[in-house]
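Trainee: Could you take me through one part of this model at close range? I would like to know which atoms and residues surround it, and how the helices around there are arranged.

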Amino acid sequence: MGSTEIVKHINRNYWMGWAMILIIICHIQYTCYDDSFFMKYMRLLFRKGEFGVDIFLFLSSVGLSYSIEKNSLRDFYIHRVKRLFPMYFVFLFLSFVFFKSRENIVRDILYQITGISNFTGNQFNEWYIPALIIIYAVFPLLYSGVSRFYRHYKYYSVLLVVITIYGYIITNEFMTSFFARRLYVIVLGVVIYFAHQNGGKFEVLEILSIIAMIQLFVPSECNMFLLVPLLLVLFDSFFPILPMHKILSLIGKHSLEIYLGQTIGLIYFCSQSSLTILYKLPMGLLITIVTSFILWGIHNGFYKCIDKYKEYKF
């Protein structure tokens with residue numbers, strides 16, 4: 001695989017597929033309280049399943065950097081809005097219809113679609129999409145800042161990542177910790193993008209190796225993930241044939257639908273604490289598959305209707 005592919009794609013859909021599997025199983029086991037042997041094994045095997053979110057954010061940050069480089073600012077935002085908001089509105093509608101447990105639905109929807117919920121603590125069992133909305137909004141500024149810094153101070157750009165890591169101590173005071181302790185992952189993705197643009201594959205490995213060594217000196221909430229991007233790039237470089245490539249790439253390609261689908265299942269399971277993992281795991285996968293297809297179908301149908309309307313009108 002060439003150096004351009006290694007950083008631009010890093011088999012992006014494939015690794016997002018793995019990340020999605022980690023997230024689904026990790027979320028399901030968090031709703032289980034039984035102490036069976038199988039449950040203990042699941043906790044041991046997926047105790048770091050939250051790394052799936054970090055992988056998503058890292059790959060998204062690299063991908064956003066390429067997108068903003070090749071598109072105008074207007075097209076960058078239009079693409080993000082078209083991909084995210086129609087499907088997210090459907091998710092919010094389904095969530096509030098089937099799980100009516102909120103006092104002020106209009107306020108909570110506004111908090112979710114503006115990202116404010118990550119500052120108020122009013123998340124509807126879901127913080128990631130509001131966080132993504134904030135990232136999309138400020139990403140051009142982040143990209144521009146890292147661009148100017150990296151071109152003149154390559155190695156000092158690593159300090160940007162470290163500063164963001166320690167910034168967690170401050171941002172955690174007014175922002176949900178799930179989002180606050182992952183801000184550095186976004187910065188890291190942009191730094192790696194410029195490392196590739198500046199020096200190709202070897203500069204990427206150089207910067208990632210430095211970042212991996214820094215894990216010895218940063219807060220424990222953040223340090224373990226610093227090794228993961230290096231492992232992704234190395235694995236992708238030396239193993240041209242990846243296991244279960246087609247199915248995991250398909251999962252990664254539709255990761256937004258699948259994430260929202262499994263969240264609906266998670267909301268249901270949170271109210272069913274007596275159920276065991278042996279029931280919740282297959283049931284959770286079934287709910288995820290069904291709701292993902294529904295979300296995908298509605299999303300595609302919406303844009304097909306728009307295209308037909310445009311053809312009819314013009």
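**One side chain and its surroundings**

Mentor: Start with the side chain of Gln262: one of its polar atoms lies 3.1 Å from the backbone oxygen of Tyr259. Keep in mind that this is a predicted model. The side chain of Gln262 also makes a polar contact with the side chain of Thr263, again at 3.1 Å. Gln262 itself belongs to helix α15, which runs over residues 255–270.

Is Gln262 buried or exposed? Its relative accessibility is 4%. Buried means under 20%, so Gln262 counts as buried.

Next, which residues does Gln262 touch once its neighbours within four places in sequence are left aside? They are Met20, Ile23, Ile24, His27 and Thr288. One of these contacts, Met20, leads to another part of the model, since Met20 in helix α2 is also among the residues that meet helix α14.

Helix α2 covers residues 12–30, and helix α14 covers residues 245–253. Their axes come within 6 Å and cross at roughly 80°. Angles from 65 to 115 degrees count as roughly perpendicular, so α2 is roughly perpendicular to α14. On the α2 side, the residues that take part are Asn13, Tyr14, Met16, Gly17, Trp18, Met20 and Ile21. On the α14 side, they are His245, Leu248, Ser249, Ile251, Gly252 and Lys253. Sorted by kind, the residues of this contact are 7 nonpolar, 5 polar and 1 charged.

For comparison, look at two buried residues in other helices. Ala131 lies in helix α8, residues 128–152. Its relative accessible area is 2%, so Ala131 is buried. Beyond its neighbours within four places in sequence, Ala131 is in contact with Asn118 and Phe179. Asn118 and Ala131 are 13 residues apart in sequence, and their C-alpha atoms are 6.8 Å apart in space.

The other residue is Asp54, found in helix α4, residues 51–70. With a relative accessible area of 3%, Asp54 is buried. If residues up to four places away in sequence are not counted, Asp54 touches Arg182, Tyr184, Val185 and Phe225.

To go back to the starting point, the Gln262 side chain has polar partners in the backbone oxygen of Tyr259 and the side chain of Thr263, while its contacts beyond four places in sequence include Met20 and Thr288.

Definitions and conventions:
Residues are numbered from 1 along each chain as its sequence is written. This is a predicted model: local features need pLDDT of at least 70, side-chain atom pairs count only at pLDDT 80 or more; totals for chains, interfaces and linings use all residues. Side-chain values use heavy atoms; hydrogens and water are left out. Helices (H or I, at least four residues) and strands (E, at least two) are DSSP runs, numbered from the N terminus. Buried means under 20% relative accessible area, exposed over 50%, partly exposed in between (1.4 Å probe, protein chains only). A polar contact is a pair of N or O atoms within 3.5 Å; within protein, one must be able to donate a hydrogen and the other to accept it, and residues adjacent in sequence count only if both atoms are side-chain atoms. Contact means heavy atoms within 4.5 Å. Axes are lines fitted to C-alpha atoms, for helices over the stretch in contact, and angles run from 0 to 180 degrees between N-to-C directions. Angles under 35 degrees count as roughly parallel, over 145 as roughly antiparallel, 65 to 115 as roughly perpendicular and the rest as oblique. Ala, Val, Leu, Ile, Met, Phe, Trp, Tyr, Cys and Pro count as nonpolar, Asp, Glu, Lys and Arg as charged, and the others, Gly among them, as polar.
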